[in-house]
Amino acid sequence: MNLYETSALFNQNMSKKQQDKLLDFYKQVFSQYQITNIHDCSIGAGGTTIPLAKLGYQISGSDISENLLSKAKANFEAEGYNVELFISDFRKLREVLPNTYDCIISTGNSLPHVNNQDVSNFINNISTKINQNGFIFIDIRNWDKILNKKPIFKARDPFVMTEEEHVSLYQIWNWHDDSSVDFIFVTSIDKKGKHEKTSLTYAPTYYPLRYDDYEKMLNENGFEIKQCFDVDCLWLSSNKEEIKRVNFKEDFDKINWYAVLAQKVR
Ligand SMILES: C[S@@+](CC[C@H](N)C(=O)[O-])C[C@H]1O[C@@H](n2cnc3c(N)ncnc32)[C@H](O)[C@@H]1O
(Lines give C-alpha, C1' and ligand atoms only; values in the text may rest on other atoms or scores of the structure.)
Protein backbone atom coordinates (compact mmCIF):
# COMPACT_ATOMS: atom_id res chain seq x y z
CA MET A 1 0.00 0.00 0.00
CA ASN A 2 1.16 3.54 -0.79
CA LEU A 3 1.25 5.90 2.21
CA TYR A 4 -0.30 8.69 0.12
CA GLU A 5 -3.37 6.53 -0.52
CA THR A 6 -4.14 6.10 3.19
CA SER A 7 -6.47 7.94 5.56
CA ALA A 8 -3.40 9.08 7.55
CA LEU A 9 -2.65 11.48 4.69
CA PHE A 10 -6.28 12.33 3.87
CA ASN A 11 -6.86 13.59 7.42
CA GLN A 12 -3.38 14.99 8.09
CA ASN A 13 -3.57 18.03 10.41
CA MET A 14 -7.37 18.20 10.16
CA SER A 15 -8.00 17.85 13.91
CA LYS A 16 -9.08 21.04 15.72
CA LYS A 17 -5.97 20.90 17.89
CA GLN A 18 -3.63 20.78 14.87
CA GLN A 19 -5.61 23.45 13.00
CA ASP A 20 -5.33 25.80 16.00
CA LYS A 21 -1.60 25.13 16.42
CA LEU A 22 -0.90 25.73 12.73
CA LEU A 23 -2.99 28.90 12.71
CA ASP A 24 -0.99 30.35 15.64
CA PHE A 25 2.26 29.34 14.00
CA TYR A 26 1.45 30.90 10.60
CA LYS A 27 0.33 34.09 12.34
CA GLN A 28 3.79 34.29 13.91
CA VAL A 29 5.52 33.61 10.56
CA PHE A 30 3.57 35.79 8.14
CA SER A 31 1.70 38.56 9.96
CA GLN A 32 4.58 41.07 9.81
CA TYR A 33 4.74 40.93 5.98
CA GLN A 34 2.61 42.29 3.14
CA ILE A 35 1.19 39.01 1.83
CA THR A 36 -2.13 38.63 0.04
CA ASN A 37 -1.96 35.48 -2.08
CA ILE A 38 -0.20 32.19 -1.32
CA HIS A 39 0.20 29.19 -3.62
CA ASP A 40 0.90 25.77 -2.07
CA CYS A 41 2.73 23.62 -4.64
CA SER A 42 2.43 20.27 -2.77
CA ILE A 43 -0.85 20.81 -0.99
CA GLY A 44 -1.70 17.14 -0.41
CA ALA A 45 -5.09 16.84 1.29
CA GLY A 46 -4.87 20.47 2.39
CA GLY A 47 -5.04 20.11 6.18
CA THR A 48 -1.74 21.94 6.69
CA THR A 49 -2.84 24.83 4.45
CA ILE A 50 -6.43 25.44 5.56
CA PRO A 51 -5.28 27.54 8.57
CA LEU A 52 -3.79 30.04 6.09
CA ALA A 53 -7.22 30.43 4.47
CA LYS A 54 -8.65 30.93 7.96
CA LEU A 55 -6.15 33.76 8.46
CA GLY A 56 -7.59 35.48 5.38
CA TYR A 57 -4.90 34.72 2.79
CA GLN A 58 -6.04 34.03 -0.76
CA ILE A 59 -5.00 30.40 -1.17
CA SER A 60 -4.52 28.21 -4.23
CA GLY A 61 -2.91 24.80 -4.44
CA SER A 62 -1.40 22.19 -6.71
CA ASP A 63 -0.09 18.67 -6.23
CA ILE A 64 1.12 15.75 -8.32
CA SER A 65 -1.58 13.47 -6.85
CA GLU A 66 -5.08 13.78 -8.27
CA ASN A 67 -6.43 11.66 -5.44
CA LEU A 68 -5.00 13.93 -2.73
CA LEU A 69 -6.27 17.00 -4.59
CA SER A 70 -9.81 15.61 -4.48
CA LYS A 71 -9.41 15.14 -0.71
CA ALA A 72 -8.09 18.71 -0.47
CA LYS A 73 -11.17 20.01 -2.29
CA ALA A 74 -13.43 18.15 0.18
CA ASN A 75 -11.38 19.29 3.22
CA PHE A 76 -11.42 22.96 2.14
CA GLU A 77 -15.15 22.80 1.35
CA ALA A 78 -15.88 21.24 4.74
CA GLU A 79 -14.28 24.35 6.29
CA GLY A 80 -16.27 26.68 4.00
CA TYR A 81 -13.57 27.52 1.41
CA ASN A 82 -13.65 27.03 -2.33
CA VAL A 83 -10.05 27.37 -3.51
CA GLU A 84 -8.41 26.93 -6.91
CA LEU A 85 -6.70 23.52 -7.03
CA PHE A 86 -4.93 21.90 -9.98
CA ILE A 87 -2.66 18.99 -10.76
CA SER A 88 1.00 19.78 -11.38
CA ASP A 89 4.44 18.41 -10.66
CA PHE A 90 6.07 21.33 -8.82
CA ARG A 91 9.05 21.00 -11.16
CA LYS A 92 6.76 22.09 -14.02
CA LEU A 93 4.85 24.71 -12.07
CA ARG A 94 6.13 27.78 -13.90
CA GLU A 95 4.44 26.57 -17.10
CA VAL A 96 1.00 26.32 -15.48
CA LEU A 97 0.81 28.90 -12.67
CA PRO A 98 -1.81 31.44 -13.73
CA ASN A 99 -0.60 34.35 -11.54
CA THR A 100 2.33 35.69 -9.60
CA TYR A 101 2.30 35.26 -5.83
CA ASP A 102 3.46 36.93 -2.65
CA CYS A 103 4.44 33.53 -1.33
CA ILE A 104 4.86 29.97 -2.62
CA ILE A 105 4.88 27.26 0.02
CA SER A 106 5.69 23.55 0.23
CA THR A 107 4.87 21.93 3.55
CA GLY A 108 5.09 18.51 5.18
CA ASN A 109 8.61 17.58 4.01
CA SER A 110 7.49 17.49 0.36
CA LEU A 111 10.47 19.04 -1.46
CA PRO A 112 12.80 16.08 -0.66
CA HIS A 113 10.59 13.92 -2.88
CA VAL A 114 12.76 15.22 -5.71
CA ASN A 115 16.55 15.18 -5.87
CA ASN A 116 18.67 18.19 -4.88
CA GLN A 117 19.30 19.28 -8.48
CA ASP A 118 15.54 19.32 -9.06
CA VAL A 119 14.99 21.36 -5.86
CA SER A 120 17.48 23.91 -7.19
CA ASN A 121 15.73 23.96 -10.60
CA PHE A 122 12.39 24.34 -8.82
CA ILE A 123 13.57 27.46 -6.96
CA ASN A 124 14.99 28.90 -10.15
CA ASN A 125 11.75 28.18 -12.07
CA ILE A 126 9.29 29.57 -9.59
CA SER A 127 11.32 32.67 -8.76
CA THR A 128 9.76 34.38 -11.81
CA LYS A 129 6.32 33.62 -10.33
CA ILE A 130 7.09 35.27 -6.98
CA ASN A 131 6.50 39.01 -6.63
CA GLN A 132 9.44 41.26 -5.73
CA ASN A 133 10.16 40.91 -1.98
CA GLY A 134 7.89 37.86 -1.99
CA PHE A 135 8.67 34.60 -0.20
CA ILE A 136 9.29 30.86 -0.42
CA PHE A 137 8.23 29.02 2.73
CA ILE A 138 8.94 25.32 3.31
CA ASP A 139 9.05 22.90 6.19
CA ILE A 140 11.16 19.74 6.11
CA ARG A 141 12.60 17.05 8.32
CA ASN A 142 16.08 17.78 9.62
CA TRP A 143 17.91 15.67 7.05
CA ASP A 144 21.32 16.71 8.43
CA LYS A 145 20.38 15.03 11.70
CA ILE A 146 18.99 11.95 9.94
CA LEU A 147 22.11 11.58 7.75
CA ASN A 148 24.37 11.70 10.84
CA LYS A 149 22.80 8.45 12.03
CA LYS A 150 21.27 6.91 8.90
CA PRO A 151 18.81 4.87 10.99
CA ILE A 152 17.50 1.59 9.59
CA PHE A 153 14.84 0.59 12.13
CA LYS A 154 12.56 2.38 14.56
CA ALA A 155 9.78 1.00 16.78
CA ARG A 156 7.02 3.63 16.75
CA ASP A 157 4.27 4.06 19.34
CA PRO A 158 1.86 1.11 19.04
CA PHE A 159 -1.63 1.84 17.70
CA VAL A 160 -3.25 -0.55 20.20
CA MET A 161 -1.76 -2.16 23.32
CA THR A 162 -4.39 -4.02 25.35
CA GLU A 163 -4.35 -7.45 27.00
CA GLU A 164 -6.37 -8.83 24.07
CA GLU A 165 -4.76 -7.07 21.17
CA HIS A 166 -1.41 -5.55 20.10
CA VAL A 167 -1.15 -3.43 16.97
CA SER A 168 2.53 -2.51 16.68
CA LEU A 169 4.12 -0.09 14.24
CA TYR A 170 7.71 -0.25 12.98
CA GLN A 171 9.51 1.95 10.52
CA ILE A 172 12.19 0.53 8.23
CA TRP A 173 14.59 2.85 6.38
CA ASN A 174 15.93 1.40 3.16
CA TRP A 175 18.99 3.51 2.21
CA HIS A 176 20.28 3.52 -1.37
CA ASP A 177 23.85 4.15 -2.59
CA ASP A 178 23.01 7.72 -3.68
CA SER A 179 21.77 8.44 -0.07
CA SER A 180 18.13 8.46 -1.12
CA VAL A 181 15.89 6.47 1.20
CA ASP A 182 12.58 4.61 1.18
CA PHE A 183 10.46 4.41 4.33
CA ILE A 184 8.44 1.28 4.90
CA PHE A 185 5.90 1.20 7.73
CA VAL A 186 5.21 -2.28 9.10
CA THR A 187 2.00 -2.85 11.05
CA SER A 188 1.81 -6.11 12.96
CA ILE A 189 -1.41 -7.34 14.61
CA ASP A 190 -1.48 -9.91 17.42
CA LYS A 191 -4.77 -11.04 19.01
CA LYS A 192 -4.89 -13.12 22.20
CA GLY A 193 -1.16 -13.81 21.86
CA LYS A 194 -1.45 -15.07 18.27
CA HIS A 195 -0.03 -13.28 15.27
CA GLU A 196 -2.83 -12.34 12.87
CA LYS A 197 -1.50 -10.07 10.18
CA THR A 198 1.47 -8.02 8.98
CA SER A 199 0.95 -5.21 6.48
CA LEU A 200 3.42 -2.91 4.73
CA THR A 201 2.86 0.73 3.77
CA TYR A 202 5.40 2.36 1.45
CA ALA A 203 6.25 6.05 1.29
CA PRO A 204 7.68 7.43 -1.98
CA THR A 205 11.49 7.81 -2.12
CA TYR A 206 13.09 10.76 -0.29
CA TYR A 207 16.26 12.60 -1.35
CA PRO A 208 17.82 14.15 1.79
CA LEU A 209 18.11 17.93 1.59
CA ARG A 210 20.74 19.47 3.87
CA TYR A 211 20.24 22.94 5.36
CA ASP A 212 23.47 24.41 3.91
CA ASP A 213 22.68 23.05 0.46
CA TYR A 214 19.16 24.48 0.56
CA GLU A 215 20.49 27.87 1.70
CA LYS A 216 23.03 27.86 -1.16
CA MET A 217 20.28 27.07 -3.70
CA LEU A 218 18.19 29.93 -2.34
CA ASN A 219 21.10 32.40 -2.46
CA GLU A 220 22.09 31.37 -6.00
CA ASN A 221 18.55 32.09 -7.13
CA GLY A 222 18.15 35.52 -5.54
CA PHE A 223 16.60 34.57 -2.17
CA GLU A 224 17.80 35.26 1.36
CA ILE A 225 16.74 33.32 4.43
CA LYS A 226 14.72 35.68 6.66
CA GLN A 227 13.91 33.28 9.48
CA CYS A 228 14.04 29.62 10.48
CA PHE A 229 11.62 27.94 12.85
CA ASP A 230 11.76 24.81 14.94
CA VAL A 231 8.44 23.12 14.07
CA ASP A 232 8.79 19.94 16.16
CA CYS A 233 5.77 21.13 18.16
CA LEU A 234 3.67 20.94 14.95
CA TRP A 235 4.92 17.67 13.51
CA LEU A 236 6.05 15.55 16.50
CA SER A 237 4.07 14.18 19.42
CA SER A 238 5.05 16.22 22.49
CA ASN A 239 6.83 13.33 24.27
CA LYS A 240 9.32 13.06 21.34
CA GLU A 241 10.59 16.62 21.63
CA GLU A 242 14.01 17.26 23.13
CA ILE A 243 14.59 20.17 25.50
CA LYS A 244 16.04 23.12 23.64
CA ARG A 245 17.32 26.65 24.24
CA VAL A 246 15.01 28.26 21.66
CA ASN A 247 17.83 29.36 19.38
CA PHE A 248 17.59 27.76 15.94
CA LYS A 249 21.34 27.58 15.20
CA GLU A 250 22.30 26.32 18.67
CA ASP A 251 19.40 23.88 18.80
CA PHE A 252 19.80 22.59 15.25
CA ASP A 253 21.08 19.13 16.24
CA LYS A 254 18.08 18.64 18.53
CA ILE A 255 15.47 19.80 16.04
CA ASN A 256 13.77 17.09 13.99
CA TRP A 257 11.62 19.24 11.74
CA TYR A 258 12.09 22.89 10.75
CA ALA A 259 10.67 25.59 8.53
CA VAL A 260 12.50 28.17 6.43
CA LEU A 261 11.12 31.50 5.26
CA ALA A 262 13.17 33.03 2.44
CA GLN A 263 12.63 36.37 0.71
CA LYS A 264 13.25 37.28 -2.91
CA VAL A 265 15.83 40.05 -2.79
CA ARG A 266 17.01 40.17 -6.43
C1 LIG B 1 3.88 14.34 3.01
S2 LIG B 1 2.80 14.97 1.82
C3 LIG B 1 2.54 16.61 2.45
C4 LIG B 1 1.22 17.16 2.03
C5 LIG B 1 0.86 18.53 2.63
N6 LIG B 1 1.71 19.57 2.15
C7 LIG B 1 0.89 18.49 4.14
O8 LIG B 1 1.73 19.17 4.75
O9 LIG B 1 0.08 17.78 4.74
C10 LIG B 1 3.83 15.23 0.41
C11 LIG B 1 3.06 15.78 -0.77
O12 LIG B 1 3.95 16.10 -1.84
C13 LIG B 1 3.33 15.76 -3.06
N14 LIG B 1 4.37 15.64 -4.08
C15 LIG B 1 5.40 14.77 -4.12
N16 LIG B 1 6.16 15.00 -5.20
C17 LIG B 1 5.61 16.05 -5.85
C18 LIG B 1 5.93 16.77 -7.04
N19 LIG B 1 7.00 16.45 -7.76
N20 LIG B 1 5.14 17.81 -7.41
C21 LIG B 1 4.04 18.15 -6.66
N22 LIG B 1 3.69 17.49 -5.54
C23 LIG B 1 4.46 16.46 -5.13
C24 LIG B 1 2.61 14.45 -2.72
O25 LIG B 1 1.64 14.10 -3.67
C26 LIG B 1 2.03 14.80 -1.34
O27 LIG B 1 0.82 15.45 -1.45
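Start at the ligand and select Gln12: an N or O atom in the side chain of Gln12 sits 3.2 Å from an oxygen atom of the ligand. Keep in mind as you click around that this is a predicted model.

Now add Ile64 to your selection. Here the backbone does the job, with a polar backbone atom of Ile64 lying 3.3 Å from a nitrogen atom of the ligand. Then pick Phe90, where a backbone N or O atom is 2.8 Å from a nitrogen atom of the ligand. Show the surface and look at how wrapped up the ligand is: on its own it has 590 Å² of accessible area, and the protein covers 95% of that.

Next, bring up the whole shell. Which of the 22 residues around the ligand come nearest? Click on Ser42, Thr48, Asp63, Phe90 and Thr107, and you have them. Try colouring the shell by class, too: you should find 10 polar, 9 nonpolar and 3 charged residues.

Time to move on to strand 1, so select residues 37–40. Before you look, recall a general point: in a regular strand the side chains alternate between the two faces of the sheet. Are the residues on the two faces of strand 1 buried or exposed? They are all buried: Asn37 and His39 point to one side, Ile38 and Asp40 to the other, and both faces are covered.

Keep strand 1 on screen and add its partners. One is strand 2 (residues 58–63), which runs parallel to strand 1 and is joined to it by 4 bridges. Zoom in on Asp40 and you'll see Gly61 of strand 2 standing opposite. Another is strand 4 (residues 101–106), also parallel to strand 1, this time with 3 bridges. For a landmark there, find His39, which faces Ile104 in strand 4.

Last stop: a second kind of pairing. Strands of a sheet pair through backbone hydrogen bonds, either parallel or antiparallel. Select strands 6, 7, 8 and 9, and you get an open sheet of 4 strands, in just that order, with antiparallel pairing. Strand 6 (153–161) and strand 9 (194–202) are the edges, each pairing on one side only. On average, neighbouring strands in this sheet are turned by 20° against each other, ignoring direction.

Finish in the middle of the sheet order, with strand 7 (residues 165–175) and strand 8 (residues 181–191). How many bridges pair these two strands? There are 11, in the antiparallel sense. To see one spot in detail, click Val167 and look across to Ile189 in strand 8, which stands opposite.

Key:
Residues are numbered from 1 along each chain as its sequence is written. This is a predicted model: local features need pLDDT of at least 70, side-chain atom pairs count only at pLDDT 80 or more; totals for chains, interfaces and linings use all residues. Side-chain values use heavy atoms; hydrogens and water are left out. Two strands pair if DSSP finds at least two bridges between them. Axes are lines fitted to C-alpha atoms, for helices over the stretch in contact, and angles run from 0 to 180 degrees between N-to-C directions. A residue is near a molecule or strand if one of its heavy atoms lies within 4 Å of it. A polar contact is a pair of N or O atoms within 3.5 Å; within protein, one must be able to donate a hydrogen and the other to accept it, and residues adjacent in sequence count only if both atoms are side-chain atoms. Accessible areas come from the Shrake-Rupley method with a 1.4 Å probe; for residues, only the protein chains shown count as cover. Ala, Val, Leu, Ile, Met, Phe, Trp, Tyr, Cys and Pro count as nonpolar, Asp, Glu, Lys and Arg as charged, and the others, Gly among them, as polar. Buried means under 20% relative accessible area, exposed over 50%, partly exposed in between (1.4 Å probe, protein chains only).
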